[in-house]
Structure formats: structure tokens, C-alpha cells
Amino acid sequence: TGEIVWSTEEVEKPYMKLGATSSNSFSVNSYIEMVSPKKDTIYISLFYYGSGDNLKFTLVAVRSNDGELLWKVDGEANSDSLANSVLEKNQIFVFDEQGDLLAINSDTGKELWRNKIYDHYDDADIWFSYYKDTVFTFNSQTDQKIKAFDAETGQSLWESDQFGGGRWNIYIFNKTIYLVSPPLDHNKLVTAIDLETGKKRW
């Protein structure tokens, strides 16, 4: 019939009121991360400006047939690896603004573990991703190390040597983490890190 059954506008409404405290041209942006394997849940990321003009992130789960809110967690998920962590571990990994890395049960929204990694979270400086039972993080402005954490427990597995600052591009494949130097680095360096040990290969 073309009738609208539900819209993400309903999910965004509670956050629109925060605009009055922000000097930014306020808006709430949302995008669908994925649909659950059972097709009954949709995961949606929201980002918006809160008080003090701070950019905030929230992940919500809604029921697919009517848009009813099932659960929510404050923090940013990694869009590139969210689907893999849901399919492989039934988990979603989120960084909150206090710099805590959280593991969330993707069905219930229950917090499974929490690990304090950084003093605060800034999406411009911090990269993180899930890959085959491990969560990797990198902060380009503070310790400048890749850190690996067990996806099941949150326990630290290893830390790499320190790299220079800047926005490194990071890729994972063939049991290797590849760091490509920032765009303004004319040396165009590529560094390979062993996925299981954190040791530099070349």
C-alpha cells in the first residue's frame, strides 16, 4: 500500500530536544548498521550534539516489524566490523565517551564486560575494530599503540610498539594488521604487524 509503518524519526525524537543547549546547527543523524540474522531486530547508530557542543553517539536496537525500541547503549560502534561480531559472537563492541570499551549482547543489550582503555573517546583520533575473537584499538594522539583485547573477556592480549601520530589508515587481512601512513606523509610508509603477537613483521 505504500503506507509508512514506522520511521527512524521516532527513534531520533528524544535526542532532538538536546539541540537547545548546543550552538551547532543541530540535527540528529541516524543510519542502519544491520538487520539481525533472525530479521527481527534492526541496529541503528545515532550521532548528535549534546550540551557543551560535544558530539555524542548512541546505538539502538529496534523491533523490525513496528520500530519499538528494544535497547540502547551510549557510545559508538564500529560499522565496518559490527556485522561480523554479531554473526560470530552475538556481540557488539562500543566505545563510550569516557574511553571505555564495552561488549554488548546483541540480542538483549546487556553489558557483558567493560574495559577502561583511554581517558576519553574522540572518533577523530581513535580507531577500533573486531576481527576473529579479538578487538583492536589505536589512538593516534596519545599512546600511539595498537592494543588487542580478547572479545570474550575484554582482557588485554598485547600492545604493539609505538607509532608516530597522525591518521594512519589501518587494514586487517592475512593474519596481519597493515598501517598505511597518513595522507600528508610523503614517505608513504606501510608497516605490517603480526595479528597474534603485535610484533612488527616489516
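The largest pocket of this predicted model has a volume of about 560 Å³. Its lining consists of 26 residues, and those nearest the centre of the pocket are Asn78, Asp80, Trp127, Phe128 and Ile170. Four secondary-structure elements each supply at least two residues of this lining: β5 (76-77), α2 (79-89), β9 (126-131) and β13 (169-173). The most is given by β9, which contributes six residues. Sorted by class, the lining of the largest pocket holds 13 nonpolar, eight polar and five charged residues.

The second largest pocket encloses about 230 Å³ of space. It is lined by 14 residues, with Leu55, Lys56, Phe57, Asp96 and Glu97 lying nearest its centre. Strand β3 (residues 55-63) provides the largest share of this lining, namely three residues. Seven residues of the lining of the second largest pocket are charged, five are nonpolar and two are polar.

Strands β10, β11 and β12 were examined next. Strand β11 (residues 146-150) is largely enclosed by the rest of the structure, because four of its five residues are buried. On one side of the pairing scheme, β11 is joined to strand β10 (residues 134-139) by five bridges, and the two strands run antiparallel. Within this pairing, Phe136 has Ala148 of β11 as its bridge partner. The two strands β10 and β11 make a hairpin in which six residues lie between them. In the turn of that hairpin, Gln144 has a positive phi of about 55°.

Strand β11 also pairs with strand β12 (residues 156-159), again in antiparallel fashion, through three bridges. Here Phe149 is matched with Ser156 of β12 as its bridge partner. A hairpin is formed by β11 and β12 as well, with five residues between the strands. Gly154 in this hairpin takes a positive phi near 85°. Strand β11 thus has antiparallel bridges to β10 and to β12.

Aromatic contacts were also considered. The structure holds 13 aromatic pairs. In one of them, the ring centres of Phe47 and Phe57 are 6.4 Å apart and the ring planes stand at 35°, so the pair is tilted. Phe47 belongs to strand β2 (residues 41-49) and Phe57 to strand β3, so this pair ties together parts that are 10 residues apart in sequence. The two residues fall into separate burial classes: Phe47, with a relative accessible area of 25%, is partly exposed, whereas Phe57, at 14%, is buried. Phe57 is also one of the residues nearest the centre of the second largest pocket.

Phe93 and Tyr130 form an aromatic pair that is stacked, with 5.6 Å from centre to centre and 15° between the planes. This pair links distant parts of the chain, since Phe93 lies in strand β6 (residues 91-95) and Tyr130 in strand β9, 37 residues apart. Both Phe93 and Tyr130 are buried.

One aromatic cluster is formed by Tyr31, Phe47, Phe57, Phe95, Tyr118, Tyr121 and Phe128. Phe47 and Phe57, the tilted pair described above, are thus among the members of this cluster. Phe128, another member of the cluster, is one of the residues nearest the centre of the largest pocket.

Key. Residues are numbered from 1 along each chain as its sequence is written. This is a predicted model: local features need pLDDT of at least 70, side-chain atom pairs count only at pLDDT 80 or more; totals for chains, interfaces and linings use all residues. Side-chain values use heavy atoms; hydrogens and water are left out. On a 1 Å grid over the protein atoms alone, a cavity is a set of points where a 1.4 Å probe fits but cannot get out, and a pocket is an open set with protein on both sides within 12 Å along at least five of seven lines; lining residues have an atom within 4 Å of a point. Grid points are joined across faces, edges and corners, and a volume is the space filled by probe spheres set on the points. Ala, Val, Leu, Ile, Met, Phe, Trp, Tyr, Cys and Pro count as nonpolar, Asp, Glu, Lys and Arg as charged, and the others, Gly among them, as polar. Buried means under 20% relative accessible area, exposed over 50%, partly exposed in between (1.4 Å probe, protein chains only). Two strands pair if DSSP finds at least two bridges between them. Rings of Phe, Tyr and Trp (its six-membered ring) pair if their centres lie within 6.5 Å; planes under 30 degrees apart count as stacked, over 60 as edge-to-face and the rest as tilted.
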